[in-house]
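Trainee: I would like to take a close look at a single part of this model, the surface that faces one of the DNA strands. Please treat it in one connected account.

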2 protein chains.
Amino acid sequence: MLDFQTFQKQRAPDLEGICEEIVLENRGSIAVKKDRLAVKNMMRILEAVFAISRDKGFHAMTLRDLSRTSGLSMGALYSYFSSKEELRSIIHRKGVLFAKKIVLDEVAEHEEPAPRLAAAIRTHLYLSEILRPWFYFAYMEAASLPAREKRQAMDDERATERIFRDILDQGERSGDFRCGDVDLAASTLKAMLQDWYLKRWKYKRKGTTVESYAEFVVRFVLRSIQQGNEEGRSKP
Amino acid sequence: MLDFQTFQKQRAPDLEGICEEIVLENRGSIAVKKDRLAVKNMMRILEAVFAISRDKGFHAMTLRDLSRTSGLSMGALYSYFSSKEELRSIIHRKGVLFAKKIVLDEVAEHEEPAPRLAAAIRTHLYLSEILRPWFYFAYMEAASLPAREKRQAMDDERATERIFRDILDQGERSGDFRCGDVDLAASTLKAMLQDWYLKRWKYKRKGTTVESYAEFVVRFVLRSIQQGNEEGRSKP
DNA sequence: GTCTATACAACGATAGAC
DNA sequence: GTCTATCGTTGTATAGAC
């Protein structure tokens with residue numbers, strides 16, 4: 001069974017690695033030419049964005065806020081992005097793509113429906129624990145986007161949900177699962193996973209760890225959809 | 001079994017009724033003295049707030065937007081609230097209190113855990129369907145509040161969750177339910193219910209009705225927590 | 001590459017005519 | 001009771017010094 005410690009050491013991305021990718025992918029619009037410097041400042045910028053927008057939202061964050069918290073001047077900030085909206089877009093897309101890739105990699109290591117589902121749930125939760133600012137940011141800011149960007153965010157959401165739906169589908173066909181409605185089961189499962197990073201304060205207060213939350217969700221869901229299929233429940 | 005049609009006719013509040021209460025409760029800070037006029041304009045204001053903030057969020061809504069959409073001038077708006085923040089607060093609190101009262105009333109009509117739980121789930125979903133703008137508004141804007149208001153919003157959230165936790169607790173004690181962890185079960189159940197009004201576009205696309213979503217959640221949850229307690233599953 | 005200083009639009013809120 | 005006109009502030013973004 002995948003535990004959080006192992007995941008964190010072997011699979012987890014760190015902010016530096018992600019910022020390196022961001023700098024390389026946006027080489028055109030970033031005026032600073034030295035990679036090392038650009039990465040270092042991009043990290044300061046993202047850390048500041050997450051800190052501020054966790055408190056009052058990205059929209060309420062002013063570039064004066066960002067300048068003060070990141071330690072870079074207003075002018076310097078614009079060497080790393082051309083507008084506040086571009087900054088938001090860069091962060092959002094990077095988070096979505098990263099998450100999808102890692103979850104799919106982990107799922108591919110299992111074949112049977114139940115272990116696959118358990119792996120998808122655990123990986124998604126562990127990842128959201130490490131990249132919580134990214135997940136939270138992507139979710140909360142998606143609501144107030146202009147039409148075109150909003151469509152993209154909706155597609156991202158459905159792509160994530162599809163990972164879970166495909167596993168449930170596989171289980172239905174093999175006779176391991178009985179969901180009632182595969183689509184709705186995938187939807188509600190995703191809602192449970194999102195609650196972990198959206199309502200973090202609640203679980204912190206309860207003293208719930210990401211591992212115990214993961215185990216609860218795995219069992220809660222499997223108990224429901226394996227009704228009458230006892231044989232598959234031994235090694236999730 | 002409580003169906004949506006019945007609920008809508010017998011229990012559902014309408015915007016006019018809620019606005020009457022709002023006007024009466026804020027008589028002090030509303031400069032307009034004629035009740036009928038004040039209620040009429042308050043309705044126009046709230047309808048406009050919901051329409052605009054559904055698209056781009058309350059924070060991004062300017063009072064010029066609100067003036068244009070509601071048909072009232074900037075000056076006239078300030079006869080109904082003393083600041084943008086006060087307007088947000090009025091809407092938020094009214095929605096939370098209304099929702100809590102109606103769900104508790106409905107739950108009180110049943111005694112056994114399973115029917116109580118089913119009633120709470122259905123009522124909460126039906127209510128969020130009718131008052132979707134209020135629910136959505138309260139949820140999305142709570143994240144970007146100043147510390148003091150945020151605490152209040154968190155307390156509201158926990159109060160709602162408590163309704164479900166109490167029912168699950170009752171079921172655990174009577175031997176009807178076996179949740180694994182009552183606290184987490186209440187949390188994740190709430191997450192499923194919130195998904196209905198937060199991701200409305202998704203369910204609209206799937207063609208899911210509020211009744212079919214309610215039935216899915218009721219069965220999904222009961223299947224999981226009634227594991228091994230078959231006798232209680234006949235009349236949820 | 002980063003800074004300070006500033007442009008200019010748009011914000012919430014108010015005063016005073018009607 | 002509602003309007004128009006306007007206040008001072010704050011927003012994003014840029015220009016030019018260093």
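Which element supplies the largest share of the surface near DNA strand C, and how many residues come from that element?

Mentor: The model is a predicted one. In it, the largest share of the surface near DNA strand C comes from α5(A), with 3 residues. Both protein chains take part: at least two residues each are supplied by α3 (35–56) and α5 (74–77) of chain A, and by α4 (63–70) and α5 (74–77) of chain B. Altogether, 19 residues surround DNA strand C. The closest are A:K33, A:S73 and A:G75 from chain A, with B:T62 and B:G75 from chain B. By class, this surface has 8 nonpolar, 7 polar and 4 charged residues.

The two chains also meet each other, with 31 residues of chain A in contact with 31 residues of chain B. On the chain A side, the elements that give two or more residues are α10 (182–198), α11 (200–206) and α12 (210–225). Of these, α10(A) gives the most, with 9 residues. The chain A side of this contact divides into 13 nonpolar, 10 polar and 8 charged residues.

As for the chain that carries α5(A), chain A has 12 helices and 0 strands. Its radius of gyration is 20 Å, close to the 18 Å that the globule rule gives for 236 residues, so chain A is as compact as a globular protein of that length. Its C-alpha trace spans about 65 × 35 × 35 Å along the principal axes. Of the 236 residues in chain A, 41% count as buried.

Definitions and conventions. Residues numbered from 1 in each chain as written. Chains lettered and ligands numbered in written order. Predicted model: local features only at pLDDT ≥ 70, side-chain atom pairs only at ≥ 80, totals over all residues. Near = placed C-beta within 6 Å. Helix = DSSP H or I, 4+ residues; strand = E, 2+ residues; numbered from the N terminus. Nonpolar A, V, L, I, M, F, W, Y, C, P; charged D, E, K, R; others polar. Contact = placed C-beta atoms within 7 Å. Rg over C-alpha atoms; globule rule 2.2 N^0.38 Å. Buried ≥ 20, exposed ≤ 12 C-beta atoms within 10 Å, placed from the backbone.
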